[in-house]
Amino acid sequence: MKAAVVKENAPGERRVALVPETVPKLTQAGLEVLVEQGAGNGAWFPDSAYSEAGASIVSTDDLYATADVILTVTRPGEAEMAKLRAGQTVIGMLSPLTDPRLAENLASRGVTAVSLDGLPRTLSRAQGMDALTSQANVAGYKAALLGAAEYGRFFPLLITAAGTARPAKLLVLGAGVAGLQAIGTARRLGAQVSGYDVRPASKGEVESLGATFIELRSVGSAAGEGGYARELTDDERQAQQEELTAHIARQDVVITTAQVPGRRPPLLITEDAVKAMAAGSVIVDMGASPLGGNVAGSVAGETVVTENGVTVIGAQNLPSTVPTASSNAYSRNISALLLHMVSEGALKIDTSDEIQAGVVVTHDGQVVHPAVAKLLDGRPDGEGGR
Ligand code: NAD
């Protein structure tokens with residue numbers, strides 16, 4: 001079986017699905033590894049490193065013509081979609097719940113689609129395959145660094161002959177994987193850090209990193225299914241925004257990471273809250289998206305400075321800005337999933353397996369993932385996954 005690594009084509013995408021270090025794991029399992037010319041360049045893995053690891057470097061056309069399984073980071077673009085053929089499998093982060101039409105398109109071409117976004121995350125044997133977690137970790141780390149780079153003062157307490165600098169006050173809203181990594185990184189840089197989340201379980205996690213947990217009086221637990229948060233009601237959201245505003249006004253830097261699966265990111269920092277911050281403050285909105293983010297006025301992929309001097313960074317695809325680390329981690333995730341699905345040298349689709357039930361989106365010309373199929377039927381998908 002030939003497993004092929006493509007060169008990512010999304011604008012600004014620097015990651016690669018498989019790094020040279022992981023190639024022997026696949027070849028030892030009897031797979032042949034093909035790598036599209038220049039696939040690893042953005043993450044500083046030259047073609048020669050793949051060849052030395054036992055892979056064959058191939059042209060784009062040869063890759064699509066001969067591969068059985070295509071390994072990718074993000075969804076294939078239009079040009080790549082046109083090259084896929086029936087019987088091939090694509091494994092990547094395909095966001096089928098955000099874009100179910102892609103799944104429909106792949107199914108109609110007879111392509112099997114496997115998406116790492118659907119992995120059951122609480123299953124301990126699947127943890128090594130959890131790309132959402134590995135990439136969120138990288139993103140949270142980079143968000144803290146972006147905040148530090150944009151902030152016009154120091155993060156740590158500094159006592160020098162030229163004076164004493166007080167430590168920066170930094171708040172992280174949303175303490176999931178990315179939020180906890182942002183908290184840890186900001187703490188290591190010396191900031192005075194606090195964190196907030198609607199899931200009560202996050203209190204202990206925030207405190208274990210040496211940060212202060214903010215408890216709001218107006219909003220109770222909003223723990224949802226599978227360890228995720230549920231969407232707040234309109235009343236809860238308003239109460240949360242109002243109470244958070246007072247906390248936000250006291251911060252030098254705020255990093256927002258709040259997400260609710262299958263929904264647009266909740267608005268946590270209103271225009272009034274931004275206005276209440278002092279000039280020179282920085283907000284990093286990791287929820288920024290074309291549909292809106294966690295922060296009023298944030299623009300995905302852009303940095304805007306408000307009239308009152310607050311810098312709002314609409315962070316987008318942060319893992320791609322730390323391409324070697326994120327590719328290393330992703331490579332371990334995708335190869336673990338691929339090897340889990342391979343039996344006697346061939347891919348064996350079996351949706352009675354709990355892991356495969358979460359990740360296999362299309363097979364045999366059908367959209368087989370129930371939540372994606374439901375979305376395509378036009379029925380609202382009430383629950384879980386992404
Ligand atoms: P996520 O990206 O879906 O959301 C980020 C955070 O935003 C979450 O902590 C969520 O509670 C929070 N949030 C949502 N709405 C909010 C609001 N209105 N106000 C404040 N915060 C809000 O989450 P994630 O990082 O993917 O992690 C979600 C959960 O999954 C966590 O409990 C995490 O520990 C768990 N998890 C478990 C495993 C595992 O068991 N192996 C692996 C990964 C994640």
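**Close-up 1. N317 sits partly exposed in a loop.** N317 is partly exposed, with a relative accessible area of 33%, a value that falls between the 20% limit for buried and the 50% limit for exposed. Keep in mind while looking around that this is a predicted model. You'll find N317 in the loop that runs between β15 (311–314) and α11. Its backbone is worth a look too: phi of N317 is near 45 degrees, a positive value in a residue other than glycine. As background, most residues other than glycine have a negative phi.

**Close-up 2. E344 is another non-glycine residue with a positive phi.** Here phi is about 50 degrees, although E344 is not a glycine. Look for E344 in the loop between β16 (342–343) and β17 (346–347). Is E344 buried or exposed? E344 is exposed, and its relative accessible area comes to 82%.

**Close-up 3. G118 sits in a loop and touches residues far along the chain.** G118 belongs to the loop linking β6 (112–115) and α6. With a relative accessible area of 25%, G118 is partly exposed. Which residues does G118 touch, once its neighbours within four places in sequence are set aside? They are G358 and V359. For a sense of distance, pick out A79 as well: G118 and A79 are 39 residues apart in sequence, and their C-alpha atoms are 25 Å apart in space.

**Close-up 4. Helices α6 and α7 cross at an oblique angle.** The pair shown is α6 (residues 131–150) and α7 (residues 177–188), whose axes come within 7 Å and cross at roughly 40 degrees. That angle is over the 35 degrees limit for roughly parallel, and α6 and α7 are therefore oblique to each other. The crossing of the two is right-handed. On the α6 side, the residues that meet α7 are T133, A136, N137, G140, Y141, A144 and L145. Facing them from α7 are V177, A178, Q181, A182, T185 and A186. Sorted by class, this contact of α6 with α7 has eight nonpolar residues, five polar ones and no charged ones.

**Close-up 5. Helix α6 also meets helix α11.** This time the partner is α11 (residues 323–341), and the axes of α6 and α11 come within 9 Å, crossing at roughly 170 degrees. That makes α6 roughly antiparallel to α11. From α6, the contact is made by A131, S134, Q135 and V138. From α11 come S326, A329, Y330 and N333. By class, the contact of α6 with α11 has four nonpolar residues, four polar ones and no charged ones.

**Close-up 6. Seven strands line up in an open sheet.** Reading across the sheet, the order is β11-β10-β9-β12-β13-β15-β14, and the pairing is mixed. Which strands stand at the edges? They are β11 (212–213) and β14 (303–305), each with a single partner strand, so one side of each is left without a neighbour in the sheet.

**Close-up 7. β12 and β13 pair up, and a helix packs on the sheet.** Strand β12 (residues 253–256) pairs with β13 (residues 282–285) in the parallel sense, over four bridges. To follow one of these, start at V253, whose bridge partner in β13 is V282. Helix α9 (residues 234–249) packs on the sheet and touches β9 (169–173), β10 (192–196) and β12. The direction of α9 makes about 160 degrees with that of β9.

Note on methods:
Residues are numbered from 1 along each chain as its sequence is written. This is a predicted model: local features need pLDDT of at least 70, side-chain atom pairs count only at pLDDT 80 or more; totals for chains, interfaces and linings use all residues. Side-chain values use heavy atoms; hydrogens and water are left out. Axes are lines fitted to C-alpha atoms, for helices over the stretch in contact, and angles run from 0 to 180 degrees between N-to-C directions. Angles under 35 degrees count as roughly parallel, over 145 as roughly antiparallel, 65 to 115 as roughly perpendicular and the rest as oblique. A crossing is left-handed if the near helix is turned anticlockwise from the far one by less than a right angle, and right-handed if clockwise. Contact means heavy atoms within 4.5 Å. Ala, Val, Leu, Ile, Met, Phe, Trp, Tyr, Cys and Pro count as nonpolar, Asp, Glu, Lys and Arg as charged, and the others, Gly among them, as polar. Two strands pair if DSSP finds at least two bridges between them. Buried means under 20% relative accessible area, exposed over 50%, partly exposed in between (1.4 Å probe, protein chains only).
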